[in-house]
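Hi,

Here's the structure I said I'd pass along. Have a look, and my notes on what turned up are underneath.

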Protein chains: 2
Amino acid sequence: MLSEKVLSMTKQKSVIREIFEYGMARANMIGAENVYDFSIGNPSVPAPESVDRAIYDIMQEQNPVERHGYAPNAGIPEVRKTIATSLNKRFGMDYTEANIFMTNGAAASLGILFQLMKNDPEDKIITFAPFFPEYSAYAISADIQLEVISANIPSFQINFEELEAVLDEHTKAVLINSPNNPSGVVYSKETIQKLAALLEEKQKEFGHPIYIISDEPYREIVYDGFEVSYVPRFYDNTFVCYSYSKSLSLPGERIGYIAFTNKIADADIMLGAFVQSARLLSYVCVPSMFQKVVARCVADTADLSVYAKNRERLYSALTAMGYECAEPGGAFYLFMKALGDDAGTFCETAKKYDLLLVPSDSFGCPGYVRISYCVDPERIEGALPLFKKLIDEYKGEK
Amino acid sequence: MLSEKVLSMTKQKSVIREIFEYGMARANMIGAENVYDFSIGNPSVPAPESVDRAIYDIMQEQNPVERHGYAPNAGIPEVRKTIATSLNKRFGMDYTEANIFMTNGAAASLGILFQLMKNDPEDKIITFAPFFPEYSAYAISADIQLEVISANIPSFQINFEELEAVLDEHTKAVLINSPNNPSGVVYSKETIQKLAALLEEKQKEFGHPIYIISDEPYREIVYDGFEVSYVPRFYDNTFVCYSYSKSLSLPGERIGYIAFTNKIADADIMLGAFVQSARLLSYVCVPSMFQKVVARCVADTADLSVYAKNRERLYSALTAMGYECAEPGGAFYLFMKALGDDAGTFCETAKKYDLLLVPSDSFGCPGYVRISYCVDPERIEGALPLFKKLIDEYKGEK
């Protein structure tokens with residue numbers, strides 16, 4: 001009677017959520033201080049003080065009707081202008097407010113774009129393992145194919161041979177996510193250049209645009225020696241999907257945007273198309289007050305140094321113990337090779353030590369675990385002896 | 001290349017938005033004080049002081065990680081519990097938090113439900129003219145038929161004869177909206193009882209549930225002598241879709257909920273189904289901080305008395321002049337019979353007097369205009385002599 005499409009999603013259990021819930025139950029049994037939960041990518045650092053200041057200032061400066069009224073579908077013009085100006089300064093772009101479409105965060109940006117890309121039954125979007133599992137949900141929703149290129153181990157850069165083989169006339173977009181969830185890997189400038197060149201060639205071959213959707217919620221979390229290329233500088237047909245969830249530690253407020261340049265294919269109808277795509281997803285506007293808050297904090301970030309500290313400590317200690325990890329250039333995830341034959345079994349074994357890790361199977365790249373290190377640094381210190389015991393158990397068995 | 005489904009929506013111009021934009025341009029020419037814009041249903045009264053107090057208190061009491069962190073998909077449990085308790089007290093229900101699913105406002109509630117109702121190509125939802133035009137967008141999005149029962153003039157209660165004729169085995173839900181946008185009409189208790197009895201009978205006949213979706217953003221705006229029945233007290237298979245946009249004047253913050261009782265068909269899977277339906281629409285969570293704000297203001301409303309004052313003045317003055325109007329029981333709309341043959345032409349004539357009204361064609365009920373009186377009372381006073389001139393012009397012509 002009810003929608004099979006919707007109900008079938010309930011059968012797709014979220015592994016991450018299950019582990020998180022196990023962790024909460026276990027914490028009730030043995031105390032939260034004894035459970036080392038690395039399952040959830042929930043920012044652990046507070047929003048910067050400028051967010052509080054912005055909230056108080058808006059409360060003082062604006063009356064409630066202004067402050068909480070409907071915003072235009074595309075977002076508040078002044079907010080979009082502020083974001084455009086900030087991006088122009090940072091990346092040498094020439095955006096105006098007409099190039100910025102406010103969204104309810106990265107998920108909404110992707111939902112809007114996936115729906116807009118779908119026209120024919122064979123249409124597809126290509127992405128790269130390992131990938132954020134919700135991409136599959138957006139594809140199911142838009143009824144568009146999601147084709148996944150296998151992981152390029154151990155660099156986790158793009159597997160170009162496989163990509164070239166599957167790029168075809170049905171390819172509407174290529175979805176990248178750098179810094180990556182779950183691997184933490186940042187695509188090099190060379191990777192972006194090579195991707196741009198390949199897609200330019202294929203656009204000509206197929207006679208239609210192939211967009212890059214650049215999903216960038218982790219753009220600001222990038223470590224020494226790494227740089228996150230600004231993709232539209234390399235490839236005109238790029239949508240940048242940004243979110244303030246991680247940069248300003250505002251994940252619950254759902255504020256982000258899609259940016260595109262005037263050189264993108266169909267530039268003149270793009271903003272209107274986004275309005276309609278968002279409308280079909282039953283969005284009315286992005287929360288008014290927090291649009292204004294992020295505009296006032298556009299040059300700020302939360303204190304992200306704790307993630308750098310955790311990354312350094314965890315990566316060096318685990319590799320010293322003998323674990324193999326993808327080199328984390330950004331985000332707050334470490335992608336570590338599971339011991340033994342199966343990541344699921346390895347995670348079950350880790351549970352004995354109250355180490356909660358996520359097996360990588362649902363990210364489309366079996367044999368690894370994701371360690372979310374957006375935690376207090378003392379949790380890392382407490383966990384390290386347990387990781388040592390875990391590897392010792394495996395060494396003893398072999 | 002881009003989605004025809006999405007792009008075809010851009011061709012459906014929003015009449016309301018066009019008039020609103022004309023009004024802004026005209027205001028620039030002749031001064032805002034000389035344009036009488038009754039086109040937009042945007043609350044004109046400020047949020048109650050308790051909203052400001054709640055914001056300040058939350059800023060003081062909670063740290064930013066708590067305040068702005070991800071909320072569970074279904075909403076913050078304490079918020080849902082507070083809403084449940086409030087509804088139990090008001091309407092004698094026995095809701096718990098498990099009966100309340102937080103949404104990004106009424107549009108999201110309907111988007112989630114429309115998608116959940118769709119399974120077979122013949123599936124349909126029935127609604128009643130005049131109706132809010134966005135219902136068509138939700139139906140297009142979910143790819144479900146929206147069948148519209150013609151208006152029952154002049155009472156604007158349900159046309160039961162026509163409803164009975166179109167209720168069939170493909171009917172998944174009946175969507176009602178009382179107080180109504182655009183007519184302002186409130187369904188009587190007798191109407192709700194009769195609807196419940198008819199649907200009970202049809203459910204038995206077809207052997208499956210027929211849900212009532214009760215879209216209630218205007219529940220709190222109801223005038224002396226009228227009462228908005230609480231539909232689940234009459235019919236178990238009811239979804240109540242509520243929004244704080246009008247009751248607390250927070251339209252830009254996008255906070256609402258869907259409520260259902262344990263007696264609804266498929267009660268045990270409903271909350272999980274909502275989570276998945278929202279996920280397919282790419283919702284992650286309802287804005288965290290404003291969930292907490294509304295929970296603290298659950299018993300409050302904005303000062304809605306200005307709407308009552310406007311309604312009284314406008315309805316009595318216009319009917320005294322000779323206009324025919326539906327009797328407005330609630331909301332902030334007056335539905336007035338257009339003079340002459342065509343509502344569009346009548347609205348064009350009204351424009352000469354700088355009276356901006358919305359023709360009713362897009363509400364599925366030609367021959368009327370919607371007057372949104374969510375404006376400052378002095379705007380009503382200024383407009384009345386112009387309405388007089390307008391009717392005089394028509395009288396002179398006849």
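Chain A and chain B bury about 6100 Å² between them, with 61% of that on carbon and sulfur atoms. Keep in mind that this is a predicted model. Each partner puts residues into the contact: 75 from chain A and 75 from chain B.

On the polar side, the count between the two chains comes to 32 residue pairs in polar contact, both residues being at pLDDT 80 or more. The rule also picks up four salt bridges across the interface of chain A and chain B. One you can pull up quickly is B:R279 with A:E134, where the closest N and O atoms are 3.0 Å apart.

As for what chain A brings to the side that touches chain B, several helices supply at least two residues each, among them α1 (4-11), α3 (49-61), α7 (134-142) and α12 (288-296). The top contributor there is α11(A), with eight residues. By type, that side of chain A splits into 39 nonpolar, 23 polar and 13 charged residues.

Then the cores. The largest nonpolar core has 82 residues, and the members touching the most others are A:F239, A:F274, B:F114, B:F239 and B:F274. If you want to zoom in on one, try A:F274: leaving aside residues up to four places away in sequence, A:F274 touches A:F101, A:I112, A:L113, A:L116, A:F239, A:I258 and A:F260. There's also a second, separate core of 68 residues, including A:I83, A:A84, A:A295 and B:Y230.

Cheers

Notes: Residues are numbered from 1 along each chain as its sequence is written. Chains are lettered from A and ligands numbered from 1 in the order in which they are written. This is a predicted model: local features need pLDDT of at least 70, side-chain atom pairs count only at pLDDT 80 or more; totals for chains, interfaces and linings use all residues. Side-chain values use heavy atoms; hydrogens and water are left out. Contact means heavy atoms within 4.5 Å. Buried area is the accessible area (1.4 Å probe) that two parts lose on being put together, summed over both. A salt bridge is a side-chain nitrogen of Lys or Arg within 4 Å of a carboxyl oxygen of Asp or Glu. A polar contact is a pair of N or O atoms within 3.5 Å; within protein, one must be able to donate a hydrogen and the other to accept it, and residues adjacent in sequence count only if both atoms are side-chain atoms. Helices (H or I, at least four residues) and strands (E, at least two) are DSSP runs, numbered from the N terminus. Ala, Val, Leu, Ile, Met, Phe, Trp, Tyr, Cys and Pro count as nonpolar, Asp, Glu, Lys and Arg as charged, and the others, Gly among them, as polar. A nonpolar core is a set of buried Ala, Val, Leu, Ile, Met, Phe, Trp, Tyr and Cys residues joined through side-chain atoms within 4.5 Å. Buried means under 20% relative accessible area, exposed over 50%, partly exposed in between (1.4 Å probe, protein chains only).
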